[in-house]
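Visitor: I have just opened this one and would like a walk through it. Could you take my questions as they come?

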Amino acid sequence: MAVSITDHAPGTADAGAELPATTLREMFRCMVLARALDERMWLLNRAGKAPFVISCQGHEAAQVGAAFALTRGKDVTLPYYRGLATVLVMGMTPEEVMLALFARATDPNSGGRQMPAHYSSRRLKIITQSSPVGTQIPHAAGVGLAEKIKGGDAVVWTSFGEGTTSQGDFHEGINLAAVHRLPVIFQCENNEYAISVPQHQQMAVRSVADRGPAYGIPGISVDGTDVLAVYEVTRRAVERARRGDGPTLIEARVVRLTAHSSDDNDRTYRSPRELQSTRRSDPIARFAAYLHEHDLLSEAEERELRAQVAAEVDAATEAAERAPLPEPESLLNHVYAQS
Amino acid sequence: MPEINLLEAIRQAIDEMMAQDERIFVFGEDVGRRGGVFRVTEGLIDKYGPMRIIDSPLAESVIVGACVGAAMNDTRPIAEIQFADFIAPAFNQIVQEAARIHYRSNGDWTVPMVIRAPWGGGIHGALYHSQSIEATFAHVPGLKVVAPATPYDAKGLLKSAIEDPNPVLFLEHKKTYRLIKGQVPEHDYRVPIGPADIKRPGEDLSVFAYGLMLHYCLEAAQALAAEGVSVEVVDLRTLRPLDVATIIGSVRRTSKALIVHEDNLTGGFGGEVAALIAEHAFEQLDAPVLRIGGPDVPAMPFAKPLEDAFMPSPQKIAAAMRRLAAY
Ligand SMILES: Cc1ncc(C[n+]2csc(CCOP(=O)(O)OP(=O)(O)O)c2C)c(N)n1
Ligand SMILES: [Mg+2]
């Protein structure tokens, strides 16, 4: 079995050359949409309309790059709470995202039962997420195990933060997937913080990817602010998984552009200098520059795209706000499935 | 009808269900070549191969967690926890995940899986091979908890559990595995999850039990019959959902109630049954509701005198029955 750690994962140029311009623009649109929705959620939070927000800001390239390497409607995802951009690519609509934010009855994620950002949609093969971190990692291995038992060729993709890799479920899940060469991709989105705890107090290795070889699988560290680099690394992991060669551990190095959540104030543990420098790693600005440089998107086209996205976010917000709240009597529904 | 023991009944249920439904697989420690430490899955790997009778890594959280994921990908997993005492690392996956997924997804996802766990004491298993775990898990909505006492019930209930669209914790009392034999029909049948079963009808007092204690209660009831006391013995069989109607119906007839389990008394399942009786049969009661349970020590010790002192016995149960009858 090939085991390697790639410090220099393939870069933008490799994948950018291969993907059609329409796909590149669509990737960009997804990133911008995720950001715009996310920013709107914070505004709604500060306006007292949404009790809780947790962001994907800074993680967009890692998520969009990875999700574009998956096949919608076929592959299964288990995205953690920062996975807004992931679920948008997999087919969730902005309105559905907003329905969850406002805890509306028609929210497809949970009907307003869970906090926002606990994604789920059976139709989209997005497996329901809980709050205890890392529990989805054994699930991902199990979805892969079932796929192997059934002889199917779907790939399973799950995401989590670097702090979560300290959980036992990280070890147990990856180990099982490695033992049986299951078609699972484990994406760690390393933003260097678990709420306030920095990476060096979480682990003694430099990169989460260093752990791959310990499980007998490839561990790949990639610049997670480079959407095309993540796409390329994930595309290879998908191929490997579909071939039956087993799982891959991918560390996407990202930045957390916001506080941990709307209940956190990161100025209490991040210096002003650091907060400034993370801004310089904004994955959306980076991809916009790439697209302009390669004449794949003009400034005017970008303005138009952003205006369209803003209108979409407005419409989603308004529709979701109008949607009804769950009826109190529905509290008792769905404790057990009926046969 | 052939007579088989409880362990064989469980194996037959797994075997017959696996032969019919290729989505079913078994996942647990040593379940493959070894056939499980108790030999429940003996021979099944030869029939169904290593992709359906799978030796898991020694890691309980992923035994349950992977089955949760597999259940959501159109398979029907049967997880085996080698001893119920080792279920604690999987607590999070059972309680926070398996039991909540249907509810938290507003009915979108279901987790049809069985978690088999050998439990109970009286087998020189000491602190970590004797535990009762039913009260902890019966507290959890979204989970079903089954604890059969006879081969007939074990086979029929396990088949129902495998077909159930919900996660079912299936508790197999270790001491009953080979000790308890009974007639099991050759035709395909089910015992539904939910209903209790009156294993011995009686008039003077009602006794509620499950697992090994059911048999100790039947033995004690036999002794009391010789003394002219007619004891009704109710096998709860399913702890969640609990058959409240049968419990209350029995107490309304006999006016006296005793609940017996091995688990520690405080916070044990008997407390729930006693509360239901107090709530729904207060007017009919002629005596205080009695409970027998293990003492409130952390777990069952190894040395025989200590183990005996912990375990409820037919003698201790008979003594409580006499007290109640005389009240
Ligand atoms: C088991 C568990 N312990 C604690 C928490 C509280 N908590 C929520 S997110 C979080 C930090 C997670 O950090 P990381 O895995 O790096 O992901 P990030 O939020 O940085 O993307 C903590 C401690 C939790 N949700 N689950
Ligand atoms: Mg982090």
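Guide: We can talk about the contact between the chains, then the ligand, and then some backbone details, bearing in mind that this is a predicted model.

Visitor: Okay, how many residues does each chain put into the contact?

Guide: Chain A gives 41 residues to the contact, and chain B gives 41 residues as well. The area buried between chain B and chain A is about 3500 Å², and carbon and sulfur atoms account for 61% of that area.

Visitor: And on chain B, which residues lose the most area to chain A?

Guide: Those are B:Tyr103, B:Arg104 and B:Trp109, which together make up 21% of what the chain B side buries.

Visitor: How many salt bridges are counted between the two chains?

Guide: The count between chain B and chain A is one salt bridge, and B:Asp74 forms a salt bridge with A:Lys150, with the closest N and O atoms 3.9 Å apart. There are also 23 residue pairs in polar contact between chain B and chain A, counted where both residues are at pLDDT 80 or more.

Visitor: Which element gives the largest share of chain B's side?

Guide: That is H3(B), which supplies eight residues to the side of chain B that touches chain A. The residues on this side of chain B divide into 18 nonpolar, 15 polar and eight charged.

Visitor: Switching to ligand 1, which residues come nearest?

Guide: Of the 16 residues around ligand 1, the nearest are A:Tyr80, A:Tyr81, A:Arg82, A:Thr164 and A:Tyr193. By type, the shell around ligand 1 divides into seven nonpolar, seven polar and two charged residues.

Visitor: What lies close to an oxygen atom of ligand 1, say from A:Tyr81?

Guide: A polar side-chain atom of A:Tyr81 lies 2.6 Å from an oxygen atom of ligand 1, while an N or O atom in the side chain of A:Thr164 is 2.7 Å from an oxygen atom of the ligand. For A:Asn191, a polar side-chain atom lies 3.0 Å from an oxygen atom of ligand 1. Taken on its own, ligand 1 has 580 Å² of accessible area, and the protein covers 72% of it.

Visitor: Now the backbone: is the peptide bond from B:Arg240 to B:Pro241 cis or trans?

Guide: That peptide bond is cis, with omega near 0°, and B:Pro241 is found in the loop between strand S12 (238–240) and helix H10 (244–254) of chain B.

Visitor: What about B:Arg39, is its phi positive or negative?

Guide: The phi of B:Arg39 is positive, about 75°, although this residue is not a glycine. B:Arg39 sits in the loop between S2 and helix H2 (44–48) of chain B.

Methods
Residues are numbered from 1 along each chain as its sequence is written. Chains are lettered from A and ligands numbered from 1 in the order in which they are written. This is a predicted model: local features need pLDDT of at least 70, side-chain atom pairs count only at pLDDT 80 or more; totals for chains, interfaces and linings use all residues. Side-chain values use heavy atoms; hydrogens and water are left out. Contact means heavy atoms within 4.5 Å. Buried area is the accessible area (1.4 Å probe) that two parts lose on being put together, summed over both. A salt bridge is a side-chain nitrogen of Lys or Arg within 4 Å of a carboxyl oxygen of Asp or Glu. A polar contact is a pair of N or O atoms within 3.5 Å; within protein, one must be able to donate a hydrogen and the other to accept it, and residues adjacent in sequence count only if both atoms are side-chain atoms. Helices (H or I, at least four residues) and strands (E, at least two) are DSSP runs, numbered from the N terminus. Ala, Val, Leu, Ile, Met, Phe, Trp, Tyr, Cys and Pro count as nonpolar, Asp, Glu, Lys and Arg as charged, and the others, Gly among them, as polar. A residue is near a molecule or strand if one of its heavy atoms lies within 4 Å of it. Accessible areas come from the Shrake-Rupley method with a 1.4 Å probe; for residues, only the protein chains shown count as cover.
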